[in-house]
Every structure is written in structure tokens, then in C-alpha cells.
Amino acid sequence: MQEIRRKYVVPGDRIIEGNFRPLFNVIRAGNSIISTRIGIAEAGREGVKVIPLSGIYIPRVNDIVIGKIMHHSSLSWDVDINSCFSAHLPAQDVFGRDFSPARDDMGRELATGDLITARIIAFDRTRDPMVTIQDKDLGKVPRGEFIKISATRVPRLIGKRGSMIQTIEQATHTRVLIGQNGIIVVTGRNSEGINLAVRAIRMVEEEAHTPNLTQRVKTLLNVSDSVPADASQLAQPQNAPKNEELQPPIQEVEEELDVEKGENVP
Amino acid sequence: MTQTRSLIDENGKRTDGRTGDQLREIKITVGVIKNADGSAFIEFGMNKIVAAVYGPREVHPKHMALSDRCVLRCRYHMTPFSTDTRKNPAPSRREVEISKVMREALEPSLMLADYPRAAIDVYVEVLQADGGSRCAGITAASVALADAGINMRDIVSACAAGKVDDRIVLDINDTEDKEGDADMPVAYMPHLEQVTLLQLDGVLNEDQFNQCLEEAVKGCKMVYEVQRKALMQKYFGNETELKEEQ
Amino acid sequence: MSSSRRSTIIVEHLRKQQMWDSISKGKRLDGRALDEIRPIEIEVGLIKKANGSARVKLGNSEVVAGVKVETGEPFEGLENKGALILSAEVLPTASPYIEPGPPDEETVELARVVDRGIRESEMLDLSKLALIPGEIVYVIFVDCSVINADGNLFDATSYAAVSALMNSKLPVFEIRDRKAVDTGEKQNPPLTTVPVSITAVRIGESVILDPTAEEEACMDARITITTNSDQNFAAVQKGSTGAFTVEQLKRAAATARIKGEEIRAKLRESTKAGK
């Protein structure tokens, strides 16, 4: 059990002095580690990082995102992934290697305004991100209620091993598709359930950094602390987070810190 | 810019009642423009200025993108009703120059290499101008950049000092700007202790220059406290210390 | 300077579907009824350097307007009247879809439609603002700056301009040696009426009031109707590339009178002025 010190910081704030390893959203200045963002600083044995509370989504390879089709060129679709870069979905990803623009109608397959669940397969400093919809559970999102939240709140919304989002899904009988980029689509049997789920999601977004959030969400959903998993209602979240992909949730203190390749590892 | 009347009375009070080392009242509200990625509204004396940040975002037109870092664009602009006589909405040369020095004041604080091929746009609109509007604008812009979640080495705080009635005073107001002897706006990064903007309008000897610079930096540090408090207020409410879950 | 369009909003297909379904059931995505206007906040007198000013929030659309008064030559053909010059710009702070640049056709239309509502209704009795007819008259500048754009900029800008005029105190000029001199005294502007602009858009077969930016991105057509204190019509503008039926327009006009009266009361209350 390592010593974790946590505090609220704004850019330029000194988090800690000494020979600590900078993890993300921090830089070394002389003997100090300082924050580059507004957020919650954590200093522990593994290193120092700041969990940001604002900032747009920066793509990472293997992230699952929900994107919006904008236009298409003859060879690929331009996809708005709520970032500073638009992504490209190659036509070949959908039509196969023998794609022919003359024969295959791109606009028919995916039209402007359509939403897709996609995985980022390539992205680096020299080019725009590329996505695929070929894996299981990826592809066009046919229906549901669309919400946008800050991408920085997504880890908290998913929760430790999916706990937060599963609590919401089970209590409201909904299925919540979450993109790492902050785009969310909620589907369910009835509108009351969907509306309640949306309220819970908004609550998490607004209060992500505060203690006892889980309790307050459960209260909102009218859920007791020991609700058993209802197997018939249980819908695996579309992008069931695998631990190695997940940015550590803000409240996770006892577990090992996932040393995540986040933005700006110096 | 030499004075004709006395701007400081026998009791050391200035035209607005302040002493030589007092800042005007400052109020900063964060997140006032819903569509922007980051924003701040500042009231600094009678200055009323809004700053909005969009970015990082795609560069338009594409050919202006840089392969290894983000493009930073700043615009300082005054609304027609912001000044004593109505100002034509078209950008004046003064606004063009201030836009440039503002960008150069903010850029050292931003980690632009983290966002290659993207752009950050900073828009500062002066709704009402009092002396020191560029300092107020930079102050608001830096808060807006932090609000937008852009990686920064430090916040930038700005404040002017000047010479009035042959005395070095802090944060000169509109009257002192127009009728005083010298005006020195300064922008400063308080943790890194670096000056990112320095201009001088007027005549100072060497002692006065050094004193004026020190005074302005003192002012910047005071401005920083207001900036920090405003950001903490928006993000963490009244909690300044992180409370742990049981 | 003003505003150019950088790109356009693309509304998600799912969202459009939600919007259509919701509207067909009589409710909008933000929970409003079809003829419900968003909450309006009006603050006046915030710009002390201006002769009059107002900050209006219509939902999330926010506009600041300022009135500045000078003297100058009258417009040609209007020698006996003061000059009213209204401008509007959408600041680049207002939306990710705007960038600095010369005003584009939408911004020009915005300024002209707001101007028309105020001018045609004769809100200001400009004949009372001539000092030497043909030579020196009052020149009233009303400048509007849109700070945040979330739909229905026509009404938000109009309410800001009207409130700023109602809030203003004009300097009293007098002629000495054939020159206009500011006596230092102040007078109320010669107000005759309070014009109120009401905008509606058609989405499918429904007509809804006070659209958000998202609703405007899905609209077929738009209508802006300005009424005066007598509830007569002073200015109308149809916008966008779709069409209205005659029946829809008549109903919109009737609604504009009723809703216009409600907004008028609010403008009077916030500015403590106006007939």
C-alpha cells in the first residue's frame, strides 16, 4: 500500500518536490513536479500524475470511440470524433479489399450524420487518426438517445472495472454505449429508464471529482448498496473496458495505479 | 505624455482614491461562454472583457498547419461601444499590435508541441475599456486557456505600472494612462518567474525603470491570486482541500 | 472585424430522429412546448461608457448591445431627421463555426432585419432629433455583439438593441455658432413604441418558436415577425431554403402578436421604460 497524496491543482502549481517519476499532465521544473492542467494531482510510489477535469479528447490507438460521419472522399469517410482531428474510415474497411468507387455506393452504406462505434487503429503526430468498424460490436449505431459529455469524465462514468456504468444500466434497464471521446448513446425499453440514465450520467459528469459520488448516484437511481446483478437485465457495456485500456478512475486509490500512456508524457 | 495637472493629492490618494500600491478591484468568472472550449469574463477596474478559447481544433485553412506544433492565433478586439467615442468595428492598428503582443505573452506558457497540426484560437473582446485593457485581456485569456484544458507550464498574469506625478504607481487607470508620464504593461508567469510581455510608453530613468518593472511584477502576482481563486471556484467549488472518501 | 462562417453544423441522424419524434408529440428536445420561448435574462446599463446598453440572454444565446450618440450630417433625403445606424456582428467567441472576417450574408441579414424592425416601427421619433435640418442632427449608433450563439440570433439581438435604446440617456446638444455643443444635460430618448421580434421555424409539419442552434440546423424554413406596441406588424423576414404554407404564416403572425406582447412587458419591466 503506497502513500498517495492527492490535491486539487491548476496549471503551474507545484505538486511535489523530489525525485519522482512524471507520469502524465505534469512536467519537471528544477526539483519540482508541476501540473500542466486543472485537475486532481496524485503523487505516489509509481510517479506523479494529474487527472484532468477539462480538455478535449486526444485520440489513442485502440480507443473505442463513437464518431459522426461527415463527408466522404472517393476512398474514405471523414468522421467527427469530437477531437481536434477528424478520423478517416477507409472504404476498404467496409467494402473489402476489392472496393470499387464505381460499383460500391459509399453514401448508401454510411451517410452524413450517421453515428458509428469505431476503434482507432492508427494515430501519431504526423497524421490524422484512422478507424475501423470491422470488429465485433462495432459499426453503425442504429438508434438511441445521444449525449455528449467531457471526455475527461469518461473513466469516472465507466468506473472501476465498469462498476459505475453497470450500476446505472441495471437500475434503469438501459444499455449505455460509451465512447472514450465522450460521446454516449443510451438505448432502453422505456423513456423513463432512459431519462433516469441520462440524469445519472449528467450527475457523474458534473461531480466526477467529488467524494461519495457512487453513493449519490445510487440514491438518485433508488438503488441500495447491495443490489445483486440481475442477470436477465444485465447488458454488457458495448465497450466493456479492459483494464489495460482504461485510464484509472479518479477515486481509485487502493488499487495499483495503471500507468497509462496518457496525453503528454514528457 | 507629460502631465499638466496633479493626479495624486497631498494624502497620496490617486484620482480614484487608491494609494500608489493598490490594485483596482478585479473579478473573474470562468466558463461564461457555453460554446467555447474555455472562457473567462474579467472586470478589472472599469474594464469589462470576455476571453474565449477554441482549441485545440482543426486548422482552417489546412495549409497553415504546422507539422510539429500547434498554431496559436490571438485576436484582441474592441466593441464599438467600449470607448468614450464610438469605435469603428474594423480592426485598428492598435488592435493588430495588441493581438500580436498578446499572443507572444501567452505562447511561452503553452505546450504547443503537444498538439501538432492543430490550432488554438484565443479571442479577447473588450466590452468596456478602462486603462490597462491589454493586461486585463491577457489575464482573462490565460484563465480561459486553463479552462479549455490546454497543457500549460504556468498561468500568465498581467498588470501595468506607471509613472504619475513623478511617482511609480501600480495599475494605472484611464485618467493616469491619458495624462500621466509613463505606462508599462507587464505579463508574467508567477511560478516560472518569467516576463512574457513588456512594453513602455513614456520616459523613465534607470531607477524608475527598475522600480516600475518590480512594481508591475508585484501587481502580476496579486492578479495571479485572483485568477487561481476563480479557477478553483469553478472546478472545485468552495472546497480548496481535497476530501478523501471514507 | 465581424464574422464569417468557418463550417456548418452537421446534426447527428439519431438526434434529428429524436427531434422529429419529440416534436410530433408536442415537445422539444429541451422539454419546451412548441410555442414556448426560452428563459430571457436582461441586464441594462452595464457599459457605463455607452449612452445605453443591454445584455440579453435568450436561453444560451447571448448578445450585448451599446448605444453611442454623436452629431453629424443627416442621411440624404431625410434632412429633418436624426440618423439611426444599427450594426450587428457575431463575435468569433460565439461559436466554433465562426471565424474573424468580413461579415457574411447571414450576418448582414441579421443586422438588416434587426434594423428594419426598429426603424420601420419608428421606435425612435427621429424627427425630434434634428438640430439644424439638413446640416446637423443627432446620430444614434446601436452596435450589437453576439457573444454566444445558440440559435435565434434575430430575436436575441433585437431584444438587446431595443433594451439598450430603452435604457439610454441621450446627451442634450444645442447649437452655438452653428456648431453642436454638449450642454452636459441628459434627456430620455423620444420613444414611441416597443418593437418585439418573434422568430419561428418549420420542422416537418410543425412550426416551433425560438429555435436553438440545433433546431435551426434541422429547419426547413424560418420566419421573423416584428410587431409594435399597437400589435401591428412592422417588419417580416422569411429565411432559409424551405417553404411555409399560407396557413402556417397566418398562424405564426397571430402568435407573434400574442407572444410579442408578453416579451414587450418583460422589456418594459427590465428597462423601466417604453410605451
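**Figure 1. Chain A, its burial and its domains.** In this predicted model, 43% of the 266 residues of chain A count as buried. The chain has six helices and 16 strands. Many of its contacts link distant parts of the sequence: among those between residues at least 6 apart, 60% join residues at least 24 apart. Chain A is divided into three stretches: domain 1 (5-52), domain 2 (64-140) and domain 3 (144-266). The centres of domain 1 and domain 2 of chain A, taken over C-alpha atoms, are separated by 37 Å.

**Figure 2. Two helices of chain A, H4 and H6.** Helix H4 of chain A covers residues 163-172, and helix H6 of chain A covers residues 213-221. They pack with their axes 10 Å apart, at an angle of about 10°. Angles under 35 degrees count as roughly parallel, so H4(A) is roughly parallel to H6(A). From H4(A) come A:Met164, A:Thr167, A:Ile168, A:Ala171 and A:Thr172. They meet A:Thr214, A:Val217, A:Lys218 and A:Leu221 of H6(A). By class, this contact of H4(A) with H6(A) has five nonpolar, three polar and one charged residues.

**Figure 3. Where chain B touches chain A.** Here 33 residues of chain B are in contact with 29 residues of chain A. On the side of chain B, three elements give two or more residues each: strand E3 (47-58), helix H2 (133-147) and helix H4 (206-236). H4(B) supplies the largest share, five residues. Sorted by class, this side of chain B has 16 nonpolar, six polar and 11 charged residues.

**Figure 4. Where chain C touches chain B.** At this contact, 30 residues of chain C meet 25 residues of chain B. The elements of chain C that give two or more residues are strands E4 (61-72), E5 (83-90), E6 (98-101) and E8 (136-148). E8(C) gives the most, with five residues. The side of chain C that touches chain B has 12 nonpolar, nine polar and nine charged residues.

**Figure 5. A four-stranded sheet in chain C.** This open sheet has the strand order E12-E11-E13-E14, with antiparallel pairing. E12 (206-209) and E14 (233-239) of chain C stand at the edges. Each has a single partner strand, so one side of each is left without a neighbour in the sheet. From one strand to the next, the twist averages 20°. Strand E11 (residues 196-203) and strand E13 (residues 221-227) of chain C run antiparallel and are joined by seven bridges. Take C:Ser197: its bridge partner in E13(C) is C:Thr226. Helix H3 (residues 153-167) of chain C packs on the sheet and touches E11 and E13 of chain C. The direction of H3(C) makes about 175° with that of E11(C).

**Figure 6. The surroundings of B:Ala119.** B:Ala119 is found in strand E5 (residues 118-128) of chain B. B:Ala119 has 20 C-beta neighbours inside 10 Å, so it counts as buried. Leaving aside residues up to four places away in sequence, B:Ala119 touches B:Gly55, B:Pro56, B:Arg57, B:Val59, B:Cys70, B:Val71 and B:Arg73. B:Thr83 can serve as a reference point: B:Ala119 and B:Thr83 are 36 residues apart in sequence. In space they are 31 Å apart, C-alpha to C-alpha.

Technical notes: Residues are numbered from 1 along each chain as its sequence is written. Chains are lettered from A and ligands numbered from 1 in the order in which they are written. This is a predicted model: local features need pLDDT of at least 70, side-chain atom pairs count only at pLDDT 80 or more; totals for chains, interfaces and linings use all residues. Two strands pair if DSSP finds at least two bridges between them. Axes are lines fitted to C-alpha atoms, for helices over the stretch in contact, and angles run from 0 to 180 degrees between N-to-C directions. Two residues are in contact if their C-beta atoms, placed from the backbone, lie within 7 Å. Domain bounds come from an automatic or database domain assignment. Ala, Val, Leu, Ile, Met, Phe, Trp, Tyr, Cys and Pro count as nonpolar, Asp, Glu, Lys and Arg as charged, and the others, Gly among them, as polar. A residue is buried if 20 or more other C-beta atoms lie within 10 Å of its own, exposed if 12 or fewer, and partly exposed in between; C-beta atoms are placed from the backbone. Angles under 35 degrees count as roughly parallel, over 145 as roughly antiparallel, 65 to 115 as roughly perpendicular and the rest as oblique.
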